[in-house]
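Could you walk me through this structure in my viewer, one selection at a time? I'm new to it and would like to know what to click on and what I'll find there.

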Amino acid sequence: MKDYSNPYTSQIFSELTPLIGSIVAKSVLKTVAAKMGKTEESLSVSDAAKISEALEKGLSVFLGSEVAKHVAEKIGQIK
């Protein structure tokens with residue numbers, strides 16, 4: 001499992017891992033961060049809306065739209 005030194009990223013990773021596995025969760029975080037011009041370690045609470053929106057779109061392929069929406073909302077509330 002990937003350990004992040006950034007507590008915010010670590011919390012997101014912890015939410016995603018049981019749903020899509022650690023390898024895919026790591027890839028999703030890397031992709032979302034890169035699209036925002038950041039690294040996984042530089043994500044912050046101020047990015048929550050963008051992260052949530054990107055995750056909802058991306059996770060719908062794996063989890064279906066309703067579950068993806070719920071997960072994205074939950075992640076969007078992480079402080």
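**First stop: helix α3**

Start by selecting A48, I51, S52, L55 and L59, the buried residues of α3. Keep in mind as you go that this is a predicted model.

Now show what lies over those residues. The cover on the buried residues of α3 includes α1 (7–20), α2 (22–35) and α4 (65–76), so give each of these helices its own colour if you like.

Next, look along α3 itself, which covers residues 48–63. The helix has a kink of about 30°, and K57 is at its centre. Click on K57 and you'll find that it is exposed, with a relative accessible area of 58%.

Stay with K57 and add E53 to the selection. The two form a salt bridge, with their closest N and O atoms 3.5 Å apart. Both residues belong to α3 and sit four residues apart, which is about one turn of the helix. E53 counts as partly exposed, at 48% relative accessibility.

Then step off the end of α3. The residue that follows the helix is G64, and its phi is positive, near 90°.

**Second stop: helix α4**

Try a distance check here: how far apart are the end C-alpha atoms of α4? They are 16 Å apart, and that agrees with the span expected for its 12 residues at 1.5 Å a residue, which is also 16 Å.

Now pick out A68, V71, A72 and I75, which are buried in α4. Turn the view until you look down the axis of α4: the buried residues fall within an arc of 100°, so they line one face of the helix. That buried side packs against α1 and α3.

What is on the face turned away from the buried side of α4? Select E66 and H70, the exposed residues carried there.

**Third stop: a pair of rings**

A pair of aromatic rings is described by the distance of the centres and the angle of the planes. The count of aromatic pairs in this model is one. To see it, select Y4 and F13: they meet edge-to-face, with 5.5 Å from centre to centre and 70° between the planes. Are these two buried or exposed? Both Y4 and F13 are buried.

**Last stop: the other salt bridges**

Side chains of opposite charge can pair when their charged atoms come close. The count of salt bridges here is three, and the one between K57 and E53 has already been on your screen.

For another, select E15 and K74, whose closest N and O atoms are 3.3 Å apart. E15 is in helix α1 and K74 in helix α4, so this salt bridge ties together parts that are 59 residues apart in sequence. Both ends are partly exposed: E15 has a relative accessible area of 28%, and K74 has one of 43%.

Finish with K38 and D47, where the side chains meet in a salt bridge at 2.8 Å, N to O. Colour these two by accessibility and compare them. K38 is partly exposed, with a relative accessible area of 29%, whereas D47 counts as buried, at 8% relative accessibility.

Technical notes
Residues numbered from 1 in each chain as written. Predicted model: local features only at pLDDT ≥ 70, side-chain atom pairs only at ≥ 80, totals over all residues. Heavy atoms only, no water. Bend = angle between axes of the 7 residues up to and from the residue. Helix = DSSP H or I, 4+ residues; strand = E, 2+ residues; numbered from the N terminus. Buried < 20%, exposed > 50% of the residue type's maximum accessible area, 1.4 Å probe, protein only. Contact = heavy atoms within 4.5 Å. Expected span 1.5 Å × (residues − 1). Arc of directions from axis to C-beta. Phe/Tyr/Trp six-rings, centres within 6.5 Å; stacked < 30°, edge-to-face > 60°. Salt bridge = Lys/Arg side-chain N within 4 Å of Asp/Glu carboxyl O.
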